[in-house]
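Please describe the fold of the chain shown below, and then give its local geometry and contacts.

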Amino acid sequence: MNPSASIKARAAFSMIDEAIKQGDLNMLSKNACNDLYLPAIRLNSEVEKNLSVLKELAPEYASMTGSGSTCFSMYTEYEMASWAYNKLKKQGYNVDLLYYYDPNAKGFFDKIADFFNPQKH
């Protein structure tokens, strides 16, 4: 069964692209998901536990990478990101504080892309 109007993939992805361009984590959390979440938690229940622990720390956005090898959270305030990092470290979790999200900073997502680009290192 098809809807009365088709949905172009480009239009759907543009909602996520727009959230990233605007640095709007709220919009990103409402429009992005990881389709591999359910298979990942069936293969390793620790993924679900880790993501739940992150979400309990009130991030603006929390999800998992590709196939669930890493869960991450994003905060708009450095103090909150630092607090969550320290709390997780004290609880014995293997965590890193890579960047904090500053909605007023230009090029935030470019910095993240550069960090994960091996040609830049």
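The report goes from the whole chain to a hairpin, a loop contact and a helix.

This is a predicted model, in which local features need pLDDT of at least 70, side-chain atom pairs count only at pLDDT 80 or more, and totals for chains, interfaces and linings use all residues. Residues are numbered from 1 along each chain as its sequence is written, and side-chain values use heavy atoms, with hydrogens and water left out.

**Whole chain**

The secondary structure consists of 6 helices and 2 strands, where helices (H or I, at least four residues) and strands (E, at least two) are DSSP runs numbered from the N terminus. Along the sequence the pattern is α-α-α-α-β-β-α-α. The chain has 121 residues, and 24% of them count as buried; buried means under 20% relative accessible area, exposed over 50%, and partly exposed in between (1.4 Å probe, protein chains only). About 9,000 Å² of the chain is exposed, with 53% of that area supplied by carbon and sulfur atoms; accessible areas come from the Shrake-Rupley method with a 1.4 Å probe. Among contacts (heavy atoms within 4.5 Å) with a separation of 6 or more, 37% join residues 24 or more positions apart.

**Hairpin**

Strand 1 and strand 2 run antiparallel and are joined by 4 bridges; two strands pair if DSSP finds at least two bridges between them. Ser63 has Phe72 of strand 2 opposite it. On strand 1, Tyr61 and Ser63 point one way while Ala62 and Met64 point the other way, and all are buried. Between the strands of this hairpin there are 6 residues, and Gly68 has a positive phi.

Ala58 lies ahead of this hairpin, in the loop between helix 4 (45-56) and strand 1 (61-64). Its relative accessibility is 47%, so Ala58 counts as partly exposed. Phi of Ala58 is positive, in a residue other than glycine. Most residues other than glycine have a negative phi. The positive phi values are listed here.

| Residue | Phi | Place |
|---|---|---|
| Ala58 | near 60° | loop between helix 4 and strand 1 |
| Gly68 | near 100° | hairpin of strand 1 and strand 2 |
| Gly92 | near 90° | following helix 5 |

**Asn34 and Thr65**

Asn34 is in the loop between helix 2 (25-31) and helix 3 (37-43), and Thr65 is in the loop between strand 1 and strand 2 (71-74). A polar atom of the Asn34 side chain lies 2.8 Å from the backbone nitrogen of Leu36. A polar atom of that side chain of Asn34 also lies 3.3 Å from the backbone oxygen of Thr65. Beyond its neighbours within four places in sequence, Asn34 is in contact with Ser63, Met64, Thr65 and Gly66.

Thr65 has a relative accessible area of 29% and is therefore partly exposed. Leaving out residues up to four places away in sequence, Thr65 touches Asn34, Thr70 and Phe72. The C-alpha atoms of Thr65 and Tyr37 are 9.3 Å apart, with their positions 28 residues apart in sequence counted as separation.

**Helix 5**

Helix 5 (residues 78-90) has 13 residues and spans 18 Å from its first C-alpha to its last, close to the 18 Å expected at 1.5 Å a residue; the expected span is 1.5 Å times one less than the number of residues. Ala81, Ser82, Ala84 and Leu88 of helix 5 are buried. Viewed down the axis, the buried residues of helix 5 fall within an arc of 160°, so they line one face of the helix; the arc is that of the directions from the helix axis to the C-beta atoms. These buried residues of helix 5 pack against helix 4. The face turned away from the buried side of helix 5 carries the exposed residues Glu79 and Lys90.

Terms used:
Polar contact = N/O pair within 3.5 Å; in protein donor to acceptor, adjacent residues only side chain to side chain.
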